[in-house]
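Please walk through the fold shown here, beginning with the sheet and ending with a helix.

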Amino acid sequence: LELIHDDGGCNAVVKTVTSFVRQILVQQSHQPVVGVIGGGCSDSTLTLSPLFAREAISLINMHLGGSPRLENRTLYPNTFGAAGSSNVVVDTIITLMNSNSWQQIAVLYDQSAAVLLSMFLQLNDNIKAVPGGEITFSSTVYATEFPLAALKDSFARVIVVFTPAETARRMMCLAYHEGIFFPAVQWILVLGELSDFAKMTDFKYDGRRYTCSPQLMSEE
């Protein structure tokens with residue numbers, strides 16, 4: 001039994017994905033491959049699935065490879081979900097809303113990543129599981145483009161963020177300087193760990209330099 005592994009980088013077009021597929025197909029010509037676990041994100045999984053289906057190789061998607069599109073058995077007959085992140089994340093948010101009697105939330109999401117967009121769409125579909133629940137403000141967010149003015153004008157008090165950790169760090173830095181921060185506002189960050197926010201540094205946005213450090217922001 002041999003384990004072949006590689007880092008797909010959560011990207012459908014990176015060379016590592018191509019290299020990984022090539023390794024599997026070469027191995028398949030010598031000895032049958034039982035299956036593949038991965039990729040780590042929906043974008044790469046959506047690309048890998050039909051490639052392995054041609055060889056009748058099962059693909060078990062994990063972690064952030066939980067796009068609802070992968071549940072289509074006609075398009076992805078050999079792909080199976082072991083830990084659909086969209087379901088887990090949305091169920092957790094619904095539970096938090098019910099437990100804290102939150103009815104109105106704002107959502108910021110990165111639509112360039114399939115899994116993050118699917119999380120937003122699934123939350124939008126399931127928000128009625130909260131009595132009186134509604135998304136009062138939603139907007140796309142990019143690494144260099146943030147809807148700060150509109151977010152502030154929305155008077156949102158609970159904000160859910162479906163973005164990569166780097167984007168979330170910048171968003172939190174800008175929010176701190178704009179007064180959209182704790183304790184008046186509750187932020188729910190789906191991606192990233194506490195250690196990610198120890199990497200906060202100064203950066204320039206919209207012609208202005210923002211100073212952000214863990215020490216500064218922890219004073220709130």
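**A parallel sheet and a buried helix**

Strand 4, helix 4 (residues 114-126) and strand 5 make a right-handed β-α-β unit. The model is a predicted one. Within this unit, strand 4 covers residues 104-109 and strand 5 covers residues 134-140; the two run parallel and are joined by 6 bridges. Tyr109 can be used to locate the pairing, as it stands opposite Thr140 in strand 5.

The pairing continues beyond these two strands. In general, strands of a sheet pair through backbone hydrogen bonds, in either a parallel or an antiparallel manner. Here 4 strands form an open sheet with parallel pairing, and their order is 5-4-6-7. Strand 5 and strand 7 (186-189) are the edge strands, each pairing on one side only. From one strand to the next, the twist averages 20 degrees. Strand 6 (residues 158-162) and strand 7 run parallel, with 4 bridges between them. Val160 stands opposite Ile188 in strand 7.

Helix 6 spans residues 165-178. Its 14 residues, at 1.5 Å a residue, should span 20 Å, and because the end C-alpha atoms are 20 Å apart, the expected and modelled lengths agree. Helix 6 is also mostly covered, with 10 of its 14 residues buried, where buried means under 20% relative accessible area. Among the buried residues of helix 6 are Ala165, Arg169, Met172 and Tyr176, as well as Met171, Cys173 and Leu174. An α-helix has 3.6 residues a turn, so residues three or four places apart point the same way. Just after helix 6, Gly179 takes a positive phi of about 80 degrees.

How values were computed: Residues numbered from 1 in each chain as written. Predicted model: local features only at pLDDT ≥ 70, side-chain atom pairs only at ≥ 80, totals over all residues. Heavy atoms only, no water. Pairing = 2+ DSSP bridges. Right-handed = clockwise from strand over helix to strand, strands pointing away. Axes fitted to C-alpha atoms, helices over the stretch in contact; angles between N-to-C directions. Expected span 1.5 Å × (residues − 1). Buried < 20%, exposed > 50% of the residue type's maximum accessible area, 1.4 Å probe, protein only.
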